[in-house]
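User: Hi! I have a structure open and could use some help finding my way around. Can we go through it together?

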Amino acid sequence: MGERMLFPVPTVYIFYYTVFDWTIMEFEQYVCLSVFVLEFLSSVEAFSRPNIVFILADDLGFNDVGFHGSLQIPTPNIDALASSGIILNQYYGTPLCTPSRSAIMTGKHPIHTGMQHDVIYAAESWGLPLNIKLLPEYLKELGYQNFAVGKWHLGQFNKRYLPVSRGFIHHYGYWTGHKDYFSHNAEEFGMWGLDLHDGLEDDWSEFGNYTTRLFTRKAEEIIENHSPEEGPLFLYLAHLAVHSANPHSPLQAPRETVKRFEYIEDKNRRIFAAMVYELDLSIGRVVKKLSQKNLLKDTIIVFSSDNGGPAAGFNQNAASNWPLKGVKNTPWEGGVRMAGLVWANNLEQPGRVYTNLMDMVDWLPTLYGAAGANCSSLKGIDGVNHWPTLTGKSDKPPRTKTVHNIDEGFGYGAVRKGPWKLVQGDEWLCYI
């Protein structure tokens, strides 16, 4: 380890956007789902055993959502959840997607599972260790019906590492790190092939259908077919959006969606904005379907990015983490501090900003506790339960310190304690 840097972590104030460039008709059409979302979010009643819908965006920047002040990309449906739920303003994870997904699923920091260094590439024969119990397996013991839609990226070389072998009844989506949004083919290191699967079967039938819309439709089908009599629902919806696709065509969105953002001069940022738009519409449709099935009143919704955004062309992408320093794959705030929120009808003072420190490893005990289970039975995890604090049953901060990562391969480490952060190392990661 080389140079040390110690500095206070900045607070980001929350404000909302105004769009001046669109016509009234265009704006009304865009926000119609968000109005629907707000109406139904404000009318729900109390529940006992909750459904859980965990929506994970891929590579979304800190400044790419309205509730963090984005003036360029409106996200009314996400903001509706934020304004009637709780914004997680000190929310952290690791700076890469395989490590962060392992943290969600295990409640353990990636340094304790061997997942801290890099992502899993398609040709590699390793994955999240099989001897570790995952979130869906815990929830299955509580009677949950578990379904996964979208990205996995925790091991695909053997079916024992796939979602259907790790607590999910069914998975529809892809197994590796990225793919084309329309053809569903993935390209890595000169290798190429289809990466879209219905359970263990390849799905060749969706060629030309935009991935964000496809995954939304699959999520809606799961919600539509869910029977509460069979147990509560756990839906893990891990979008490809807004990760870049294959190198020859990294940023992709339907043409009619891109046209909505002609006021953005930079072409890449314009397409990226359209990708965020489609993600926001997806969330509105999921909330609408939950309401139509009379499930919303009994549901916890989590929205999160998996890491900081790849900005300024990094990973051929165009995210924004302003005003944070750094990008995805760095230990700076822009790489490890993420957009996140939680919505439920029994939160303490909904519509507020949660300033307690929270880490991705906390989701397992938090959701396990929200499901009515005793978190003291969870042994050997790094996560802590925030549900008593979120629901007003405790005023004690669950966490005061966290490890962002310790990566001996890249040669850096980063931790936070209270308002201070320590970054140690001499790799290129530390200086981006």
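Analyst: Happy to help, and we can talk through the sheet, the helices, the hairpins, the open spaces and a few backbone details. Keep in mind that this is a predicted model.

User: Great, let's start with the sheet. In what order do the strands of the open sheet come?

Analyst: The open sheet is formed by 10 strands, in the order β10-β9-β6-β5-β11-β2-β12-β13-β3-β14. The pairing is mixed. In general, strands of a sheet pair through backbone hydrogen bonds, either parallel or antiparallel.

User: Which strands stand at the edges?

Analyst: Those are β10 (201-202) and β14 (352-354). Each has a single partner strand, so one side of each is left without a neighbour in the sheet.

User: Let's zoom in on one edge. How many bridges join β9 to β10?

Analyst: There are 2 bridges between β9 (residues 197-198) and β10, and the two strands run antiparallel. If you want a spot to click on, H197 stands opposite D202 in β10.

User: Nice. Which strands does helix α2 lie across?

Analyst: Helix α2 (residues 76-84) lies across β3 (86-88), β12 (299-305) and β13 (340-343). Its direction is at about 65 degrees to β13.

User: And what about α9, which strands does that one lie across?

Analyst: Helix α9 (residues 363-370) lies across β2 (51-57), β3, β12 and β13. Helix α9 runs at about 170 degrees to β12.

User: Now for helices packing on each other. At what angle do α5 and α7 pack?

Analyst: Helix α5 (residues 211-225) and helix α7 (residues 267-292) pack at about 10 degrees, and their axes are 10 Å apart. That angle is why α5 counts as roughly parallel to α7, since the cut-off for roughly parallel is under 35 degrees.

User: Which residues make that contact?

Analyst: On the α5 side you'll find T212, R213, T216, R217, A219, E220, I223 and E224. On the α7 side, the contact is made by E278, L279, S282, R285, V286, K289 and L290. Sorted by class, this contact of α5 with α7 has 5 nonpolar, 3 polar and 7 charged residues.

User: Okay, changing topic to hairpins. How many residues lie between β7 and β8 in their hairpin?

Analyst: There are 2 residues between those strands, and F189 in this hairpin takes a positive phi near 50 degrees. The strands themselves, β7 (residues 185-188) and β8 (residues 191-194), run antiparallel and are joined by 4 bridges. One pair to look at is N185 with its bridge partner L194 in β8.

User: What does the hairpin of β17 and β18 look like?

Analyst: That hairpin has 2 residues between the strands, and G418 has a positive phi near 60 degrees. Strand β17 (residues 412-417) is joined to strand β18 (residues 420-425) by 6 bridges, and the two run antiparallel. Here V415 has L422 as its bridge partner in β18.

User: Now the empty spaces. How much space lies in the largest pocket?

Analyst: About 460 Å³. The largest pocket is lined by 22 residues, and V119, Y121, H178, H243 and N315 lie nearest its centre. The lining divides into 9 nonpolar, 9 polar and 4 charged residues.

User: And how much is in the second largest pocket?

Analyst: About 240 Å³. Its lining has 16 residues, with A122, T176, G193, L194 and D195 nearest the centre. We can link this back to the first hairpin: β7 and β8 each supply at least two residues of the lining. The largest share, 4 residues, comes from β8.

User: How many cavities of 30 Å³ or more does a search of the whole structure find?

Analyst: The search finds 2. The largest cavity holds about 40 Å³ of space. There are 11 residues in its lining, and P95, L96, N329, N405 and Y412 lie nearest its centre. By class, that lining has 6 nonpolar, 4 polar and 1 charged residues.

User: Last topic, the backbone. Where are cis peptide bonds found?

Analyst: One joins A241 and V242, with omega about 10 degrees, and V242 sits in the loop between β11 (233-238) and α6 (255-258). Another joins W322 and P323, with omega about 5 degrees. P323 is in the loop between β12 and α8 (333-336).

User: What's the phi of D59?

Analyst: Phi of D59 is near 70 degrees, a positive value in a residue other than glycine. You can find D59 in the loop between β2 and α2.

Conventions:
Residues numbered from 1 in each chain as written. Predicted model: local features only at pLDDT ≥ 70, side-chain atom pairs only at ≥ 80, totals over all residues. Heavy atoms only, no water. Axes fitted to C-alpha atoms, helices over the stretch in contact; angles between N-to-C directions. Parallel < 35°, antiparallel > 145°, perpendicular 65-115°, else oblique. Contact = heavy atoms within 4.5 Å. Nonpolar A, V, L, I, M, F, W, Y, C, P; charged D, E, K, R; others polar. Pairing = 2+ DSSP bridges. 1 Å grid on protein atoms, 1.4 Å probe; cavity = no way out; pocket = protein on both sides within 12 Å on 5 of 7 lines; lining within 4 Å. Points joined across faces, edges and corners; volume = space filled by probe spheres on them.
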